[in-house]
Amino acid sequence: GGWGGLWGVATLLALAWGLGGCLGPSAHVAPVRSDGTEVVMRGDWDDVGAAVQVAAGLCQMAVVASQERENVQDFQLVTAHDEPAQVRFERQVDQGDFRAWALVGTFGDRVQEGELLTRIRVRLEQLAGRDWAPLEAR
């Protein structure tokens, strides 16, 4: 009788404790403020959108809008905590690479920006010279 209810409560508490880790380190640590993080990447310009989609999902974000102009691609994202994020790519026509800039959160979050850009770079490397590449479990 009474033990079933106690075990149910204990199970719920254990699940709640375990799920807290899914929110990532930024949920528990104050972010390092940033004006955005910029890096240089190499990859196929046509793969940028696909790489952003995959990286956003891995970083618990979603792409909500995108815009492409000559040599520029902009993406608006939202985080799992309903914070805005943005990523911009500018193609360096003469060099074959491009600059990538990210800003996560209203005041920036250098750790999340770095993680997002790293995951985009990794996906671009996976897609380089290919029409598709399997997603790796992470």
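**Entry 1: Leu117**

I started at Leu117, which lies in helix 3. I am working with a predicted model. Is Leu117 buried or exposed? I find Leu117 buried, with a relative accessible area of 3%. I then listed what Leu117 touches, leaving out residues up to four places away in sequence. The list is Thr37, Val39, Met41, Ala100 and Ala102. I also checked Leu117 against Val52, which is 65 residues away along the chain. Their C-alpha atoms are separated by 8.7 Å.

**Entry 2: the chain overall**

Next I looked up the secondary structure. I count three helices and five strands in the protein chain. Read from the N terminus, the elements run α-β-α-β-β-β-β-α. The chain has 138 residues, and buried residues make up 30% of them. I also looked at contacts with a separation of 6 or more. Of these, 52% are between residues 24 or more positions apart.

**Entry 3: helix 2 and helix 3**

I went back to helix 3 for its packing. Helix 3 covers residues 110-127, and helix 2 covers residues 48-58. The two pack at an angle of about 130 degrees. Their axes are 8 Å apart. That angle makes helix 2 oblique to helix 3. I note the crossing as right-handed.

Which residues make the contact? On helix 2 I list Val48, Ala50, Ala51, Val52, Val54, Ala55, Ala56 and Leu58. On helix 3 I list Leu116, Arg119, Ile120, Arg123, Leu124 and Leu127.

**Entry 4: Phe75**

I moved to Phe75, whose place is in strand 3. Phe75 counts as buried, at 6% relative accessibility. I set aside its neighbours within four places in sequence and looked up the remaining contacts. These are Val48, Gly49, Val52, Val63, Ala65, Ser66, Ala85, Gln86, Val87 and Phe89. Val48 and Val52 also appear in the helix 2 side of the contact with helix 3. I checked Gln53 too, 22 residues from Phe75 along the chain. The C-alpha atoms of Phe75 and Gln53 are separated by 9.6 Å.

**Entry 5: aromatic rings**

Phe89 in that contact list sent me to the rings. The structure holds three aromatic pairs. I looked up Phe75 and Phe89: their ring centres are 6.0 Å apart and their planes are at 85 degrees, so the pair is edge-to-face. This pair links distant parts of the chain. Phe75 is in strand 3 (residues 72-79), and Phe89 is in strand 4 (residues 84-92). They are 14 residues apart. Both Phe75 and Phe89 are buried.

How are the rings of Phe89 and Phe98 placed? I find their centres 6.0 Å apart and their planes at 70 degrees, so this pair is edge-to-face as well. Phe98 is buried, and so is Phe89. I then traced the cluster that the ring pairs make. It joins Trp45, Phe75, Phe89 and Phe98.

I looked up one more ring, Phe107. Arg33 lies over its face, at 4.4 Å from the ring centre.

**Entry 6: Glu90**

I stepped from Phe89 to Glu90, which is found in strand 4. Glu90 is partly exposed, with a relative accessible area of 23%. What does Glu90 touch, not counting residues up to four places away in sequence? I list Trp45, Asn71, Val72, Phe98 and Arg99. Trp45 and Phe98 in that list belong to the ring cluster. I also checked Glu90 against Trp101, 11 residues apart in sequence. C-alpha to C-alpha, they are 8.7 Å apart in space.

**Entry 7: backbone phi**

Asn71 came up as a contact of Glu90, so I looked at the backbone there, because most residues other than glycine have a negative phi. Asn71 is not a glycine, yet its phi is positive, at about 65 degrees. Where does Asn71 lie? I place Asn71 in the loop between strand 2 (61-69) and strand 3.

I noted Asp82 as well. Asp82 is not a glycine, and it has a positive phi of about 65 degrees. I find Asp82 in the loop between strand 3 and strand 4. At 64% relative accessibility, Asp82 counts as exposed.

Notes:
Residues numbered from 1 in each chain as written. Predicted model: local features only at pLDDT ≥ 70, side-chain atom pairs only at ≥ 80, totals over all residues. Heavy atoms only, no water. Phe/Tyr/Trp six-rings, centres within 6.5 Å; stacked < 30°, edge-to-face > 60°. Helix = DSSP H or I, 4+ residues; strand = E, 2+ residues; numbered from the N terminus. Buried < 20%, exposed > 50% of the residue type's maximum accessible area, 1.4 Å probe, protein only. Lys NZ or Arg CZ within 6 Å of the ring centre and 35° of its normal. Axes fitted to C-alpha atoms, helices over the stretch in contact; angles between N-to-C directions. Parallel < 35°, antiparallel > 145°, perpendicular 65-115°, else oblique. Left-handed = near helix turned anticlockwise from the far one by under 90°. Contact = heavy atoms within 4.5 Å.
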